Amino acid sequence: LIDVTSQQVLAERDADAQADPASLTKLMTAYLVFNAIRDGKLALTQKIPVSERAWKERIGGGSLMFIDPKMSPTVEELLRGMIVQSGNDASVALAEAAAGSVEQFVTAMNRQAQAWGFKTTQFKNVTGLSEAGHYSSAREVAFVAVKIILEHPTFYPLYSIRQYTFNNIKQDNRNMLLGRDPTVDGMKTGFTEAAGYCLVASAARDMPNGKRRLLSV
């Protein structure tokens, strides 16, 4: 549990244990895409071609926004597909758009982790599907989430969207806390057989000295 403003850890248990992060991986994917938009390398209205590779994510059995090579979704649509629907296909399409290939994007993810001094994080893909050598820890996942909140406040509201419809397919945000507590406004869920159920949750509440935001992993 972290106080986001002070970045002080309030409670922890096994925070540095190496674990399979499942779709919490997409926090780093999103962070780098947000950077690319901020730096002018991508635009929200830009139409992105859907590659065979992105389309083939439907074979892997993970979450999808259901894009296919006949479509050219915008960056903004793909962001909603990745964040609200946890679409693996959207994650691949965004990675290819931002870095030219998934491999180059994964290299950038690992470079960012190293730049932050991470000790228990290594990425092998952009989606979080289980793969040998793909791991993180609660502490380092929390660090990425805090970076999104503090550095990309204009994009953070995407994590509070309750449902999103694309290609006539409506999907609910998998973060059930959004509907149960009005102060919760993010952030990301994940599930694989290897990881089990994962959740990063954040809430902001009014305190006598202003708003206080907490984040748990």
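How do the residues of the lining of the second largest pocket divide into nonpolar, polar and charged? Here are my notes, with that one taken up in point 4.

1. First, the ground rules. This is a predicted model, where local features need pLDDT of at least 70 and side-chain atom pairs count only at pLDDT 80 or more, while totals for chains, interfaces and linings use all residues. Residues are numbered from 1 along each chain as its sequence is written, and side-chain values use heavy atoms, with hydrogens and water left out.

2. Start with the largest pocket (on a 1 Å grid over the protein atoms alone, an open set of points where a 1.4 Å probe fits, with protein on both sides within 12 Å along at least five of seven lines). It holds about 420 Å³ of space, volume being the space filled by probe spheres set on the points, which are joined across faces, edges and corners.

3. Its lining (residues with an atom within 4 Å of a point) has 25 residues, and Ala15, Ser137, Ala138, Arg139 and Val217 lie nearest the centre. α6 (138-151) gives the most, 4 residues. Helices (H or I, at least four residues) and strands (E, at least two) are DSSP runs, numbered from the N terminus. By class, 18 are nonpolar, 3 polar and 4 charged.

4. Now the second largest pocket, at about 340 Å³. Of its 20 lining residues, Ser23, Ser63, Gly190, Phe191 and Thr192 lie nearest the centre. β5 (184-192) and β6 each give two or more, with β5 supplying the largest share, 4 residues. As for the opening question, the lining has 6 nonpolar, 11 polar and 3 charged residues. Ala, Val, Leu, Ile, Met, Phe, Trp, Tyr, Cys and Pro count as nonpolar, Asp, Glu, Lys and Arg as charged, and the others, Gly among them, as polar.
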